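This report looks at the enclosed spaces inside one protein model and at the residues around them. Please keep the sequence and the structure at hand while reading.

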Amino acid sequence: AANFSKTWLPFCKKFQVESTSPEAYFRTASELVNVQEWLSVKKLYEDMKMRIETTTKLNQIPEYIQKQHKGFREWDFVSSKHDHQTILQILIDGRDTNAVDIEGNPLPTLVYLAREKRPQYHHHFKAGSMNALIRVSSKITNAPIILNVDCDMYSNNSKTIKSSLCIFMDEEKGDEIGYVQFPQCFYNLTKNEIYGSSLRVLLQLEVLGFDANGGPSYMGSGCFHRRETLCGKKYEKNYKVDWKKINDKKVSETASFLEETCKVLASCTFEHNTPWGKEMGLKYGTPVEDVVTGMSIQCNGWKSIYLNPEREGFLGVAPITLLQNLVQHKRWAEGELQLFFSRYCPLLYGHRKIPLKLQLIYSTYKLWAANCLATWYIVVVPCLCLLKGISLFPKISSPWVLPFVYVTFVHRAYSLAEFLWCGGTFRGWCNDQRIWLFKRTTSYLFAFFETILKLLGHSQLNFVVTAKVADEDVSKRYDQELIEFGAASPMFDILATLAMLNLFGSLGASKKATMDADQDSKVLDQFGLQILLCLVLVTINLPVYQALFFRKDNGKMPTSVMYKSIVFALLACLVWMGGAFSSGEVKNSGGGEI
């Protein structure tokens, strides 16, 4: 990649290429800027890509490449990627006059770092990686601004750097800005966003509301940080940055000297008895280290800014299966709820440090997982009460039905208007509502109870990485906007059981309404809203029924899930109806009417 950049960077500048990620550019380029140059650069890229894929497949680095890079030679003495020494190499030294591209322009410094890992030491996942990079970069370049981007994301807009620097260097307000956050956008979304991965309303409307109250939270990627804020510096009222003085600072040590002396900064033991992971760097001990870190920066007196340019700043890969999506949201919701019950609770940690409105905004997202309780009530109780003949809502003929009608229809209409205003489609909104229900009944449920178990000391913290690589069949079904149910999972057991439960409730209500024509209007009057709720839930779950009974591809529900869902749903109905008969007998023996 270091060698390829010598050709790629001049090519991007000459033809004003956007995106500057070669993979993204060659995947989407529709016009050949200059056929000969385009083909030449593409061949270089494909050769590089082929070498990398071959090396990965064979699990062996070619000997001639090992000779070129001592960093690769050091990997020969490593037995496991979880047990190795620090490997550090400065591939391009920006201070070297010979570090130029094919047109003679200077290249930026490029450093390869694999921090030390040992089985007996906790490496703290992404937060530990970021902290090691912060320390090592402070000795090699010590740049005042740090950009971090996840490994599955790339720059889609080269002007993001200039825009961010304009904010940091603003003469009036720039010195109080701790970080500039860009939204997390994805290049592989389908037209109707089958898994609702864009979070378009949240990112285009809700997060903008942060700006007036101290700024958005740190989202873990696509963020420009002031180095001092990550190192724990507190904002002072008269703080001023002398940018000219910062630019005059130069590192005098040689590259080989820096490589050797910086290795200790990425060792397993360096952080022992230091503020790293607590007062300095990204915070440890939570799956959502980014949120805690951003809130800590704001509690230190800094503000943040949210930038959402017309051309997305950074693009990544959205999950392309339902299970990947649910697992990802389970991790997010679990981490957020853990924070709420920890010393980092916004209402406690942020007390008198950040505005009350910002504390409440943070708390809203911290309690995502707790929403599962209300959602389960809405999904389960009305359909069971419908089977039992218990009315939960006012009669259709009663004036008290108006508040329920208002909440049901006006709120959904407002939600649809928001979604369309943010550039979505009607089908996309329907998919978003479906995924909203799926997340709250599975991801948030598991997140809620796992958090409770952790608080009781019955579970340990683990970090689940969302896999985003899938085979060709899965990708094809994703492009066709077919929901992927192909894996067996307790989450799918729950989804299928709830879908069957509401189907049985709807069928029971239909039977009750059609068996006695004289009572038809009374049934609809008494149970109209309940029947409507069950029918809406059945409509939302149509893809689940298709996956259970009609689909023949590999994305259908596993047979075991189908059997379990039917049995569990029938069992719930029988137990509930059995309870109804028992309570009815008791009531009757007391002289009351059934």
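Which residues line the second largest cavity? In this predicted model, the second largest cavity is lined by Val379, Leu437, Phe438, Thr441, Leu495, Leu498, Ala499, Asn502, Leu537 and Asn541. Two helices, α18 (426-455) and α20 (490-515), each contribute at least two residues to that lining, and the largest share, 4 residues, is supplied by α20. Sorted by class, the lining of the second largest cavity holds 7 nonpolar and 3 polar residues, with no charged residues.

The second largest cavity belongs to a set of 3 cavities of 30 Å³ or more. Around the largest cavity lie Thr229, Leu230, Cys231, Gly232, Glu279, Met280, Gly281, Lys283, Thr293, Ser296, Ile297 and Asn300. The elements giving two or more residues to this lining are α9 (227-230) and α12 (289-299), and α12 gives the most, with 3 residues. In the lining of the largest cavity there are 4 nonpolar, 6 polar and 2 charged residues.

The table sets out the two cavities by volume, main contributor and lining class.

| Cavity | Volume | Element giving the most | Lining by class |
|---|---|---|---|
| Largest cavity | about 60 Å³ | α12, 3 residues | 4 nonpolar, 6 polar, 2 charged |
| Second largest cavity | about 50 Å³ | α20, 4 residues | 7 nonpolar, 3 polar, no charged |

Read by class, the lining of the largest cavity includes 2 charged residues, whereas the lining of the second largest cavity has no charged residues.

Terms used. Residues are numbered from 1 along each chain as its sequence is written. This is a predicted model: local features need pLDDT of at least 70, side-chain atom pairs count only at pLDDT 80 or more; totals for chains, interfaces and linings use all residues. Side-chain values use heavy atoms; hydrogens and water are left out. On a 1 Å grid over the protein atoms alone, a cavity is a set of points where a 1.4 Å probe fits but cannot get out, and a pocket is an open set with protein on both sides within 12 Å along at least five of seven lines; lining residues have an atom within 4 Å of a point. Grid points are joined across faces, edges and corners, and a volume is the space filled by probe spheres set on the points. Ala, Val, Leu, Ile, Met, Phe, Trp, Tyr, Cys and Pro count as nonpolar, Asp, Glu, Lys and Arg as charged, and the others, Gly among them, as polar.
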